[in-house]
Amino acid sequence: MLILVALMAFCTVGIAQPEEETPREGKTVSETLKAMNGEWRMMYKIISDTIRVYDRQYQVNPETNRYELRKDTSNIHIFGIDNVGNTPYKVSREDSNGQLIENDWSPSKGSWSLKQTDTGIDLHIINAYYKGCPTIVRHIVNVNDRQLWLQDSQTGTEYYYVKR
């Protein structure tokens with residue numbers, strides 16, 4: 001009887017002890033597809049620990065004849081998903097009133113796709129700025145309903161966006 005009680009106590013202690021934490025997996029491709037769909041305002045890109053480049057638009061003020069900040073974060077990246085599964089991509093601008101202005105230089109719409117890799121999910125943007133533009137590959141660091149954080153696969157530069 002004493003052996004049975006000791007065995008039960010040993011098993012209970014073994015069960016009650018916390019297991020080693022297993023790393024959580026990142027988002028799946030289908031979850032990422034849903035989160036990517038929409039208009040994203042590029043806030044800045046991080047080139048190194050000390051260099052952060054904001055997406056700002058400057059315009060000459062005729063009264064002072066100097067360049068002044070006209071609009072902060074005016075570059076809008078649109079990742080769409082239509083009802084037949086196509087994934088159109090385009091880059092547009094936002095004017096100072098918040099109106100979306102389609103770029104003249106990008107009449108051909110690009111497209112995008114996601115690829116699962118050993119290190120997570122990569123975003124492939126095809127024909128981003130013009131037909132025949134080399135494919136841009138960026139690793140998805142994080143994406144949710146408010147923010148998108150990408151890392152360039154070649155340079156390591158990180159791009160931070162917020163939902164428009």
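How many salt bridges does the count come to? The count comes to four salt bridges in this predicted model. The views below take up three of the pairs and a network.

**View 1. Glu 39 and Arg 164 form a salt bridge.** The N to O distance between these side chains is 2.5 Å. Glu 39 belongs to strand β1, residues 38-46, and Arg 164 to the segment after β12 (158-163), so their contact ties together parts 125 residues apart in sequence. Glu 39 is partly exposed, at 26% relative accessibility. Arg 164 is partly exposed too, at 34%.

**View 2. Arg 41 pairs with Glu 94 in a salt bridge.** Here N and O lie 3.0 Å apart. Arg 41 sits in strand β1 and Glu 94 in strand β6, residues 88-94, so this pair ties together parts 53 residues apart in sequence. Both side-chain partners, Glu 94 and Arg 41, are buried residues.

**View 3. Asp 152 meets Arg 138 in a salt bridge.** The closest N and O atoms are 3.7 Å apart. Strand β11 (residues 147-152) holds Asp 152 and strand β10 (residues 136-143) holds Arg 138, so the pair ties together parts 14 residues apart in sequence. Asp 152 and Arg 138 are both buried.

**View 4. Salt bridges link Glu 39, Arg 41, Glu 94 and Arg 164 in a network.** The pairs of Views 1 and 2 appear here together: Glu 39 with Arg 164, and Glu 94 with Arg 41. Within the network, Glu 94 and Arg 41 are buried, whereas Glu 39 is partly exposed and Arg 164 is partly exposed.

Conventions:
Residues numbered from 1 in each chain as written. Predicted model: local features only at pLDDT ≥ 70, side-chain atom pairs only at ≥ 80, totals over all residues. Heavy atoms only, no water. Helix = DSSP H or I, 4+ residues; strand = E, 2+ residues; numbered from the N terminus. Buried < 20%, exposed > 50% of the residue type's maximum accessible area, 1.4 Å probe, protein only.
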